[in-house]
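I opened this chain to look up burial, strand pairing and a few single residues. The entries are in the order in which I went through them.

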Amino acid sequence: MVRLEEIIEKVSAYSPLADVEIIRKAYVFSGVVHQGQTRVSGEPYLIHPLEVANILTGIKMDPQTIATGLLHDTVEDTHTTVEKIEELFGPEVAALVDGLTKISRITFEKKRDQEAENFRKMILAMSKDIRVILIKLADRLHNMRTLGALAPEKQKKIARETLDIYAPLANRLGIGWMKTELEELSYKYLEPERYEALSERLSKEGNVTHDYIAQVKDIIERKLAEHNVAGEVSGRPKQLFSIYKKMQAQDVEFENINDIIAFRVIVESVRECYEVLGIVHSTWKPVPGRFKDYIAIPKGNMYQSLHTTVVGPYGVRMEVQIRTEEMHRVAENGIAAHWKYKEGGAFDGKDDKRFAWLRQLLEWQTELKDSDEFMESIKVDLFSEDVYVFTPKGDIKEFPAGGTVVDFAYAIHTDVGNRCSGARVNGKMVPLKYKLHSGDVVQIITSANHHPSKDWLSFVTSSRARTRIRNWIKTEEREVSLSLGKELCERDFTKHGLEFGRMLKSGELEKIAKEAFGVSGAESLLAAIGYGKISVQQLLGKILPPEQLSPKKVSAFKRMFDKLKPGGKPEARNPVVVKGVEDMMVKFARCCNPLPGDDIVGFITHGQGVAVHLAGCSSLLQADRDRLIDVAWDKKEKSTRPARIEVVCKNEKGLLADMSNAIKAADANITDLLIRSTPDNKAVCNFEVEVTDHAHLKNIMKSLSKVKNVLKVERLKSEGQIGKEAGA
């Protein structure tokens with residue numbers, strides 16, 4: 001058990017002028033309020049805050065942070081209040097304790113909500129004072145060190161959370177040693193049998209490994225001396241979790257992992273880093289594709305080092321890391337190594353880049369109110385491997401793996417993303433779905449007439465792009481629905497002798513919207529009418545008595561039906577019959593192209609008959625619900641309908657003929673064909689064929705899917721705009 005005086009001595013050693021009295025005071029207070037409390041292991045509870053404070057001295061934190069480490073559980077686990085902490089220790093420590101206080105008193109309906117809200121609070125606290133997350137990590141590290149006292153089920157739950165959230169967060173903050181220990185401890189409890197077996201295997205080979213490390217270390221030191229380079233050389237076997245990940249990634253056993261030893265060379269200058277790299281490569285053969293220059297392009301957490309893998313003595317692969325003393329300090333302690341605290345928790349101007357990702361997370365969490373969406377964003381953007389690409393001016397942009405040119409466009413500016421129509425990567429045109437690779441130079445092409453598409457949501461990966469696209473779509477749909485709602489109301493209000501414009505200006509519709517429909521105002525009511533969620537007849541029902549609605553409505557429909565009846569006898573029967581009406585003019589909507597056998601619904605148009613749609617057609621969402629009518633396929637009438645099929649296949653000779661024969665074998669005729677090739681040597685073929693019904697179409701598609709080298713077959717339904725008329 002660590003003693004208070006040991007903590008005081010460490011703080012005084014790295015900060016001689018520090019006010020350690022606040023630490024003593026926090027220790028006494030924590031001892032009093034936690035008196036009588038014990039941990040699951042049976043130890044006095046005070047041991048935990050003492051160990052947390054001790055961990056914080058390891059990253060050389062200031063007295064206020066150390067004091068908070070001693071006090072971090074007082075508000076949650078005792079009767080102490082934040083106000084009491086502020087009274088005794090000041091607003092700075094109180095703010096840190098408040099940022100760390102868990103929200104277990106709040107009840108959530110879903111476990112994921114609780115996870116999201118906890119993380120939200122953590123990020124909000126980070127944005128105000130980065131020390132909160134450093135204390136949080138120290139707290140989690142000591143909990144992991146003492147996890148053995150808990151039940152196995154609890155151990156696995158905490159270990160999984162640590163591996164998924166806290167270890168990556170320590171890595172993102174650049175605290176390498178903490179990230180490594182959290183991963184090792186998590187692995188120990190998540191895979192106890194594998195952990196023990198791997199540990200025992202390394203232990204058996206300990207002497208051989210030790211001798212090898214000593215031999216290689218001696219060679220490197222002699223080579224440095226020959227070139228008059230002063231450097232500190234160290235070597236060690238890689239961590240168990242690192243070896244386990246390699247075994248999993250390469251799907252091999254321990255015997256086949258041949259780069260389990262890593263060496264580190266620490267020199268004085270950047271120039272010497274590259275000089276040592278040349279010495280190492282001239283001594284041993286480098287492994288192609290295993291060199292990483294994190295000095296020229298640092299990681300997002302500001303980690304810098306040269307990494308190379310070489311074939312060392314006896315053909316053993318080994319990793320060599322080369323860095324300066326300052327780089328090593330950052331690699332070990334990350335943000336804590338650059339901690340420059342000022343009154344009020346302000347950051348030094350040169351630290352802006354280091355903490356930019358914190359501001360990004362804060363921005364995202366304020367925009368994303370849905371907890372599932374928020375946690376998805378956090379796990380994508382915070383914990384993925386990073387990709388680094390360049391703007392045409394040479395600026396570096398960082399993205400999660402899988403980021404596309406659309407993500408890049410939104411990273412530049414929202415307007416650039418909204419008007420993105422194409423991109424050049426390394427001077428060549430690429431599709432918008434193109435996934436970025438480290439080192440790409442990206443130039444975005446914009447067009448004033450181009451706008452975001454819902455399809456973009458299927459391939460963008462960054463939270464910024466996803467949020468901006470959704471915002472644009474929501475705004476655009478609302479404007480369209482608002483305009484349509486006004487138009488529908490103006491038309492139907494006039495039929496009943498009502499002045500729509502006057503009622504809107506007078507505030508009458510505002511009142512009806514809130515009282516009768518429970519929406520925020522007249523605009524929201526009109527938008528809902530445009531969406532089709534509320535009908536004009538429902539609105540009129542709140543204004544006029546029933547007797548003034550029904551007669552006019554019936555006569556209006558009667559006049560509409562009269563206009564739609566053809567003048568003479570039709571030459572052929574329609575394949576669709578309209579319920580309760582004979583000889584009705586019928587046409588098929590181009591937006592969904594229904595086929596016999598599909599579920600359908602009719603929409604009464606102005607002067608063009610009844611438009612037949614698929615029952616779930618999205619075009620009907622904005623339609624006047626009063627103009628929908630029941631329709632059905634006439635089972636007595638046999639006719640053909642055009643259907644579109646898209647086939648994705650390998651781009652090989654003779655395949656088109658094979659597909660044509662398959663369609664012919666299914667007793668169908670091809671009426672149109674469009675073919676395009678893709679960059680990955682595939683072909684996309686759009687066939688238009690004549691079919692008798694839905695079953696006939698399925699038979700054709702089944703026949704096509706059996707053709708060799710056909711990869712995918714699906715029915716196409718065009719997405720038309722209905723405008724004022726559903727089916728226009």
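The notes below start with the chain as a whole and then go to individual elements.

**Entry 1. The whole chain.** I am working from a predicted model. I counted the secondary structure and got 28 helices and 21 strands. The chain has 728 residues, and 47% of them count as buried. I then looked at contacts with a separation of 6 or more, and 65% of these join residues 24 or more positions apart. The exposed surface comes to about 37,400 Å², with carbon and sulfur atoms supplying 50% of it.

**Entry 2. Helix 6.** I went to helix 6, residues 82–89, and asked which of its residues are buried. They include V82, I85 and F89. These residues sit on the same side of helix 6, because they cover an arc of only 55° around the axis. The spacing fits the general rule: an α-helix has 3.6 residues a turn, so residues three or four places apart point the same way. On the other side of helix 6 I found E83 and E87, both exposed. I also looked up what covers the buried residues: helix 2 (21–33), helix 4 (63–71), helix 5 (74–77) and helix 7 (91–100) are among the elements that do. Just after helix 6, G90 has a positive phi of about 95°.

**Entry 3. Helix 14 and E183.** Helix 14 spans residues 240–250, and I noted L240, F241, I243, Y244, K246 and M247 as buried. The cover over the buried residues includes helix 10 (152–172), helix 11 (176–190) and helix 12 (192–204). D251, just after helix 14, takes a positive phi of about 55°.

I picked E183 from helix 11 for a closer look. Is E183 buried or exposed? Its relative accessible area is 12%, so E183 counts as buried. I then listed what E183 touches, leaving aside neighbours within four places in sequence: L163, A167, F241 and K245. One of these contacts, F241, is also one of the buried residues of helix 14.

**Entry 4. Strand 5 and its partners.** Strand 5 covers residues 306–311. Five of its six residues are buried, so strand 5 is largely enclosed by the rest of the structure. I went through its pairings in turn.

- Strand 3 (residues 285–286) pairs with strand 5 in the antiparallel sense, over two bridges. The bridge partner of P286 in strand 5 is V310.
- Strand 4 (residues 292–293) also pairs with strand 5 in the antiparallel sense, over two bridges. Here D293 stands opposite L306 of strand 5.
- Strand 6 (residues 317–324) is antiparallel to strand 5, with six bridges joining them. V311 has R317 of strand 6 as its bridge partner.

I checked how strand 5 connects to strand 6 and found a hairpin with five residues between the strands. In that turn, Y314 has a positive phi of about 65°.

**Entry 5. An open sheet.** I followed four strands that form an open sheet in the order 13-15-14-16, with mixed pairing. Strand 13 (586–588) and strand 16 (628–629) are the edge strands, each pairing on one side only. Strand 13 and strand 15 (residues 610–614) run parallel and are joined by three bridges. I noted V586 opposite V610 of strand 15.

**Entry 6. D672.** D672 is in strand 19, residues 669–677. I asked how accessible D672 is, and the value is 46% relative accessibility, which means D672 counts as partly exposed. The cut-off for exposed is over 50%. Beyond four places in sequence, D672 touches N686, F687 and E688. For F687 I also took the C-alpha to C-alpha distance from D672: 5.9 Å, with the two positions 15 residues apart in sequence numbering.

**Entry 7. A nonpolar patch.** Which residues make the nonpolar surface patch of about 220 Å²? I found L656, L673 and I675. L656 belongs to helix 27, residues 655–665. With a relative accessibility of 34%, L656 counts as partly exposed.

Definitions and conventions. Residues are numbered from 1 along each chain as its sequence is written. This is a predicted model: local features need pLDDT of at least 70, side-chain atom pairs count only at pLDDT 80 or more; totals for chains, interfaces and linings use all residues. Side-chain values use heavy atoms; hydrogens and water are left out. Buried means under 20% relative accessible area, exposed over 50%, partly exposed in between (1.4 Å probe, protein chains only). Contact means heavy atoms within 4.5 Å. Patches are made of residues with over 30% relative accessible area and no salt bridge: like charges are joined within 9 Å, nonpolar side chains (Val, Leu, Ile, Met, Phe, Trp, Tyr) within 5 Å. Accessible areas come from the Shrake-Rupley method with a 1.4 Å probe; for residues, only the protein chains shown count as cover. A salt bridge is a side-chain nitrogen of Lys or Arg within 4 Å of a carboxyl oxygen of Asp or Glu. Two strands pair if DSSP finds at least two bridges between them. The arc is that of the directions from the helix axis to the C-beta atoms.
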